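Please open the model in your viewer and keep a selection panel at hand. The stops below are meant to be taken in order.

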Amino acid sequence: MNRTGSTKERILGAAEALFAQRGFDGASLRQLTSSAGVNLAAVNYHFGSKEKLVEEVFRRRLDALNAQRQAALAKVTELGGNRLEDVLDAFIRPAMELSDDDGGPLFMRVLVRAFAEHDDTLRRFVSENYGHVMRQFSAEFARLLPDLSKEELYWRIDIMVGALTHAMSGFGMMKRKNDVSARAHREQTIQHLIRFAAAGLRAGS
C-alpha cells in the first residue's frame, strides 16, 4: 500500500466528514488531525493550507464527476443530441452514481454548505474550475429550448440543479424500500428527476 496516498486520503476523508458536520469555519485543524490520526505537519505537507485542503476535497469528487458528464454528453451529441431527456440523463446520471459512492451523500452536504455559507472564495474556485461544464450543458438546453429567454432558462436550470442536489444529499422523503435494491432505487430516482426536469424546462415553451 502507498503510505503517502493512504495518509492523504485519510485526511481528505476526515476533512469531508468534518466540513459536512461543522462547516468550513467550524472545523478546526486540531479536530481534523485528531479525526484523521495524523499530525499538523502531515496536513501542511500534503496541502499547505486549510484553503487548499478544502479545494482538494472538492477536486477529489468533482474532477471525476465532470469528466463523466462530459463523456456522457459527447455520446449524446454524437448520436444527434435532439432529445432533451438524453441531455438530462448525461447531466443527472453521473451525479446520482456519485451519490451512491462511498462518501457521496456526505460530499453533497459539503457542497450545500459551501453555497449556504456564502463562501465566495470556494464559489469562485468551483466556477473557475467546473463552470465550463455547466456552460456546455446550458448551451445544449438552450439549443433544444430555443423559445426560452436566457434568463428564464437559467432560472429553470438553477431549480433543476437544486432538485438534483437535494436528491443526492439523501435528505429526501423517498427512502429506499427494503425489497428494492440500491441500484433499482437509484434508477427510479434518476428517471423521476429526468421527467421532472424535462417538464420544468419545457413548461410554457
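The tour goes from helix packing to the nonpolar core and then to single residues.

This is a predicted model, in which local features need pLDDT of at least 70 and side-chain atom pairs count only at pLDDT 80 or more, while totals for chains, interfaces and linings use all residues. Residues are numbered from 1 along each chain as its sequence is written, and side-chain values use heavy atoms, with hydrogens and water left out.

Select helix α4, residues 50-78, together with helix α7, residues 120-144; helices here are DSSP runs of H or I with at least four residues, and strands are runs of E with at least two, numbered from the N terminus. The axes of α4 and α7 are 10 Å apart, and the two helices pack at an angle of about 5 degrees, where axes are lines fitted to C-alpha atoms, for helices over the stretch in contact, and angles run from 0 to 180 degrees between N-to-C directions. α4 is therefore roughly parallel to α7, on a scale where angles under 35 degrees count as roughly parallel, over 145 as roughly antiparallel, 65 to 115 as roughly perpendicular and the rest as oblique. Among the residues that make the contact are Phe 58, Leu 62 and Leu 73 of α4 and Phe 125, Gln 136 and Phe 137 of α7, contact meaning heavy atoms within 4.5 Å. The residues of this contact divide into 10 nonpolar, seven polar and six charged; Ala, Val, Leu, Ile, Met, Phe, Trp, Tyr, Cys and Pro count as nonpolar, Asp, Glu, Lys and Arg as charged, and the others, Gly among them, as polar.

Keep α4 and add helix α6, residues 104-116, whose axis comes within 11 Å of that of α4 and crosses it at roughly 120 degrees. The two helices are therefore oblique to each other. Here Val 57, Phe 58, Arg 61 and Leu 62 of α4 meet Gly 104, Phe 107, Val 110, Leu 111 and Ala 114 of α6, a contact with seven nonpolar residues, one polar and one charged.

Phe 58 leads on to the largest nonpolar core, which has 57 residues and in which Phe 58, Leu 88 and Phe 141 have the most contacts. Such a core is a set of buried Ala, Val, Leu, Ile, Met, Phe, Trp, Tyr and Cys residues joined through side-chain atoms within 4.5 Å. Helix α5, residues 84-100, gives the most to this core, with nine residues. Centre next on Leu 88, which, leaving aside neighbours within four places in sequence, is in contact with residues including Phe 141, Met 160, Ile 194 and Leu 201.

Move to Leu 73, placed in α4, which counts as buried at 6% relative accessibility; buried means under 20% relative accessible area, exposed over 50% and partly exposed in between, with a 1.4 Å probe and protein chains only. Beyond four places in sequence, Leu 73 is in contact with Val 87, Ala 90, Gln 136, Phe 137 and Glu 140.

In α7, select Ser 138, which is buried with a relative accessible area of 7% and touches Leu 153, Tyr 154 and Ile 157, not counting residues up to four places away in sequence.

For the last stop, show Asp 86 in helix α5, partly exposed at 32% relative accessibility, and Phe 196 in helix α9, residues 182-202, which is exposed with a relative accessible area of 54%. Phe 196 and Asp 86 are 110 residues apart in sequence, yet their C-alpha atoms are 14 Å apart in space.
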